Amino acid sequence: MNVFSHPEFDNHEHLSFFCDPETGLKAIVATHNTSRGPALGGCRMFPYATDEEALRDVLRLSRGMTYKSALANLDLGGGKSVIIGNPRKHKTEALLEAMGKHLESLGGQYIAAEDSGTSVPDLKVMGRRTQHVAGIAERIGFDGQPSSGDPSPATAYGTFIGLKAAVRHKLGRNDLKGLKVAIQGVGNVGFRLARHLKEAGAQLWVYDIFADNMQRAVDELGATPASAGDILHLPVDVVAPCAMGAVLNDESIPQLKATVVAGAANNLLERPDHDQALKDRGILYAPDFAINAGGIIDVFYERNGASPETVRAHVDTIGDTLMEIFTRADRSDRPTGAIANEMAEERFRKHTAHIEEIPERLTQVG
Ligand code: NAD
């Protein structure tokens with residue numbers, strides 16, 4: 001297994017491989033870049049078929065967090081961790097505590113939050129052995145409601161703000177009355193996004209692989225149920241993928257009828273060139289890591305005890321960031337995903353440059 005020459009390595013600052021035979025823990029922690037601050041990112045537990053698969057996943061996810069936090073102007077770096085194992089079979093308190101012990105040994109360069117396969121209670125168990133876990137505090141959330149650390153409400157609200165910015169830019173309208181939106185996946189984020197849209201007067205179509213999730217959106221929000229094959233290709237204004245990645249691909253893009261894609265799922269583009277493919281079809285794509293940053297913003301502020309108003313004000317800036325992406329994309333006739341990457345790099349490389357200047361200044365002083 002290659003590490004430094006791995007195609008996804010991308011100059012990661014630090015990688016650690018943990019093994020604890022007593023509890024069965026096998027984990028990898030990847031810290032991509034800490035120029036803006038400690039690397040914060042989810043701890044995923046998944047039954048990876050090979051070590052190679054786990055390494056590839058953690059490297060890609062970790063890099064993605066650097067971009068997301070930098071674009072959201074957070075003083076955070078990017079990192080991620082994976083535990084190799086089936087969460088339904090292999091997750092024990094002892095294993096989670098062992099993970100906590102290992103996180104502690106990293107001294108805070110990486111801070112773990114929940115991700116698929118781990119939950120807030122799991123992070124609390126890790127927290128018995130380390131202070132470097134986030135997203136677990138009970139407090140009043142950004143929306144004035146009690147929050148147990150679940151970032152989904154902030155992610156859904158940020159996605160709603162971003163979707164409105166995309167509609168304003170592409171369709172030239174400020175209100176969402178009668179706007180037709182198709183949502184793929186009405187889970188924690190998708191359902192809440194649907195509720196925001198309903199309150200703003202939008203018309204909704206939904207599809208979810210779990211019939212009860214779909215039915216809840218139909219019963220509570222008056223959404224129209226759609227099918228797996230149709231949801232992305234309905235004659236609507238906006239498509240909001242909120243389930244899984246890689247749904248914007250060679251097959252789906254030619255069939256899209258919406259002119260705006262604005263959803264919360266990570267890694268929506270199957271390949272980087274699908275960014276250009278969307279532009280070529282005249283479809284405005286709100287880059288996933290820009291629009292779904294509400295959760296990481298919320299988790300960041302949990303750590304310094306900021307007021308709900310501060311958190312909400314920061315989540316609101318997702319709209320401004322997207323407007324800047326759209327404007328720069330129009331001006332340079334380039335696709336929005338490429339512009340978002342460039343803006344994120346400007347934000348974390350500037351900090352890296354600043355850090356690299358320090359030794360020189362110290363030498364001068366000395
Ligand atoms: P979730 O598991 O609560 O919801 C996902 C929903 O999608 C579920 O209802 C599931 O049944 C449904 N689904 C799965 N496969 C599907 C398919 N093929 N077609 C239709 N529906 C399908 O997860 P979530 O927390 O709502 O996250 C949704 C997406 O947003 C994920 O991609 C996640 O990585 C991303 N995201 C979430 C957050 C957050 O704060 N929760 C933050 C950033 C990004």
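What is the order of the strands in the open sheet of 6 strands? Read on through the close-ups. This is a predicted model, where local features need pLDDT of at least 70, side-chain atom pairs count only at pLDDT 80 or more, and totals for chains, interfaces and linings use all residues. Residues are numbered from 1 along each chain as its sequence is written, and side-chain values use heavy atoms, with hydrogens and water left out.

**View 1. The open sheet.** Here's the answer: the order is 10-9-8-11-12-13, with parallel pairing. (Strands are DSSP runs of E, at least two residues, and helices are runs of H or I, at least four, numbered from the N terminus; two strands pair if DSSP finds at least two bridges between them.) Strand 10 (224-225) and strand 13 (284-285) are the edges, each pairing on one side only.

**View 2. Strand 8 meets strand 11.** Strand 8 (residues 180-184) runs parallel to strand 11 (residues 238-241), and 4 bridges join them. Look for Gln184, whose bridge partner in strand 11 is Pro241.

**View 3. The shell around the ligand.** You'll find 22 residues surrounding the ligand, and Thr155, Asn188, Val189, Asp208 and Asn213 are the closest (a residue is near if one of its heavy atoms lies within 4 Å). Helix 5 (152-171) and helix 6 (188-199) each supply at least two residues of this shell.

**View 4. Backbone atoms by the ligand's oxygens.** A backbone N or O atom of Asn188 sits 2.9 Å from a ligand oxygen. For Val189, a polar backbone atom is 2.8 Å from a ligand oxygen, and for Ala243 that distance is 3.2 Å.

Methods:
A polar contact is a pair of N or O atoms within 3.5 Å; within protein, one must be able to donate a hydrogen and the other to accept it, and residues adjacent in sequence count only if both atoms are side-chain atoms.
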